[in-house]
Amino acid sequence: MMPVLAKLKYVALHALLSTTLLLTNSSLYSQEHKDETAYQYPTDTLVRAKLTQWQNLKFGLFLHWGPYSQRGIVESWTLSPEDYSHTKNNFTQRTGPDSANYFAYTQAYERLGQTFNPTRFTPKKWAAAAKAAGMKYMVFTTKHHDGFCMFDTKYTDYRITNPSGAFAANPRSNLTKEIFDAFRTANFMVGAYYSKPDWHSDDFWWRYFPPKDRNPNYDTLKHPERWKRFYDFTANQLNELTTAYGKVDLLWFDGDWVKMNMMPIANKARQHQPGLIIVERHGNPQLTNYLTPEQKVPDHFIPVPWETCMTMGESWSYKVNEHYKSARQLIQTLIDIVAKNGNLLLNIGPGPDGEWHEEAYQRLNEIAAWMKNNGQAIFDTKPLSPYRAGKWAFTQNQQSLFAFYLPEENENTLPARIVLPSFALPAGSAVSICGTTKPLSLSQNDEGTALIIPQTLRQQLAGQPAWVFKIEVPKKTK
């Protein structure tokens, strides 16, 4: 037994280490848990119905795209004058002939819209690849923080359809419309990402003052008429997106540091699009219909609707030499999220020519191959306690229970004997591996349910990113 004094020192050290670990990721962790406890289910019955439908979709596609893809740089953030993590690392730091002078750089950046000419743009090809991989909804960046509009807005000339732009004469120049139409035709839910900050707008970054950080560069209380113009500009653009682009299922607002009353805008949008899901990230709980942890998976089951947004590679926007996550990592990430009651919104950044890296298609093809046999354990399912346990994850639908075995990176074959933890199955239960039909031999012990995997089956299923055990329990008779 540990002596009392030593035990007290241990407890104190453990508490200090725990606090240190927490503080290293405190802002995201704290915000995530704050959102979770502050979450408010929408009162609108149409919104609640669509939210339930969205939760069953599980897997979506995020598209970050704009003129910045021509330079292979991070979306918008090189314009921010802050000495902040977004602008300090090698990829997001300003580079190129104008990088030494902030003002020359911003002028050159804003000219990118004139040369942006994505002639290989084929959204039907994107939709087909995404659909085959099991993706069922799509969110597109109609406008990022830089203010460049990828839709035909009449409220600014800084847009893809500006007559002076290289792509303006193309009959498909209204990129948002083309993308929405292609994915809607493929039976996707369609979502519009929209940045609340707009670093091009003279009513956000007033040219009378230099920008100081990501926020408005003037006192909005001192100049209410200017801020009102910006608010009206935002309302007008969102009115365009919810009236001129067919059915829109979701509005995904970014830039939570901009505090403005989005409720009137949201109410107007829902008049045009009944049941519209709205995500004001870390904002008004009434307009945060689901939570959005970014580039991470929470470590626990979350009982309210949520979605991890994550990049397939290293960057949100196009990068010339992108390094994509493996199909195994992507599939295991999706499983982890679904088991904890979430959705995965996976991002791909199209290039300046309007095409994806070939590796992005390859990853989706690999995911599609796995989904062919195992998608039944992902889509239209609910989490099953204990949700995650070591290498295991659990879901269920109305017919079956599913136990996912997530192997380590160098683990390519199933063990000859494996134990399902936490399961004491009733007599008459049958367990098989998805993609096969023959039930496995099983026995109960103190550890759980032990399964025997025949050698031929182990060889047949070798190399899978994850294996799924389908458990069929006898139905209770009245």
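**Sheet pairing, a buried arginine and salt bridges in a predicted model**

G60 stands opposite Y137 in β2, within a pairing of strand β1 (residues 59-63) and strand β2 (residues 137-143) that runs in the parallel sense over four bridges. Strands are here DSSP runs of E with at least two residues, helices are runs of H or I with at least four residues, and both are numbered from the N terminus; two strands are taken to pair if DSSP finds at least two bridges between them. The structure is a predicted model, in which local features need pLDDT of at least 70 and side-chain atom pairs count only at pLDDT 80 or more, whereas totals for chains, interfaces and linings use all residues. Residues are numbered from 1 along each chain as its sequence is written, and side-chain values use heavy atoms, with hydrogens and water left out.

The strands β1 and β2 belong to an open sheet of seven strands, arranged in the order β5-β4-β3-β2-β1-β7-β6 with parallel pairing. Its edges are formed by β5 (277-280) and β6 (306-311), each of which pairs on one side only. From one strand to the next, the twist averages 20°, where axes are lines fitted to C-alpha atoms, for helices over the stretch in contact, and angles run from 0 to 180 degrees between N-to-C directions.

Antiparallel pairing is found around strand β10 (residues 401-405), which is mostly covered, with five of its five residues buried; buried denotes a relative accessible area under 20%, exposed one over 50%, and partly exposed the range in between, as computed with a 1.4 Å probe on protein chains only. The side chains of the strand alternate, in that L401, A403 and Y405 point one way from β10 and F402 and F404 the other way, and all are buried. Strand β9 (residues 392-396) pairs with β10 in the antiparallel sense over five bridges, and Q396 stands opposite L401 in this arrangement. The connection from β9 to β10 is a hairpin through four residues. With strand β15 (residues 467-472), β10 likewise forms an antiparallel pairing over five bridges, in which Y405 is placed opposite W467.

A charged residue of particular interest for description is R328, located in helix α11 (residues 327-339). R328 is buried yet has no salt bridge, and the nearest side chain of opposite charge, that of E409, lies 4.9 Å away. In this assignment Lys and Arg count as positive and Asp and Glu as negative, while His and the chain ends are not counted; a salt bridge requires a side-chain nitrogen of Lys or Arg within 4 Å of a carboxyl oxygen of Asp or Glu. The side chain of R328 is nevertheless joined to that of N412 by a polar contact of 3.2 Å, a term applied to a pair of N or O atoms within 3.5 Å of which, within protein, one must be able to donate a hydrogen and the other to accept it, residues adjacent in sequence counting only if both atoms are side-chain atoms. Apart from its neighbours within four places in sequence, R328 is in contact (heavy atoms within 4.5 Å) with P407, E408, E409, N410, E411, N412, G463, Q464 and P465.

The structure as a whole holds 26 salt bridges. In helix α8 (residues 175-185), D181 and K177 are four residues apart and thus separated by about one helical turn, and their side chains meet in a salt bridge of 2.9 Å, N to O. D181 also forms a salt bridge with R184, at 3.0 Å from N to O, the two residues being three apart in helix α8 and again separated by about one helical turn. These three residues are partly exposed, with relative accessibilities of 28% for D181, 35% for K177 and 24% for R184. By contrast, the salt bridge between the side chains of D336 and K340 (3.0 Å, N to O) involves D336 at 13% relative accessibility, which counts as buried, and K340, buried with a relative accessible area of 7%. Salt bridges that share partners further join D202, D203, R207, R226 and R229 into one network.

Helix α8 also contains E178, which is partly exposed, with a relative accessible area of 24%. Not counting residues up to four places away in sequence, E178 touches F121, P123, P171 and R172. The C-alpha atoms of E178 and A389, which are 211 residues apart along the chain, are separated by 43 Å.
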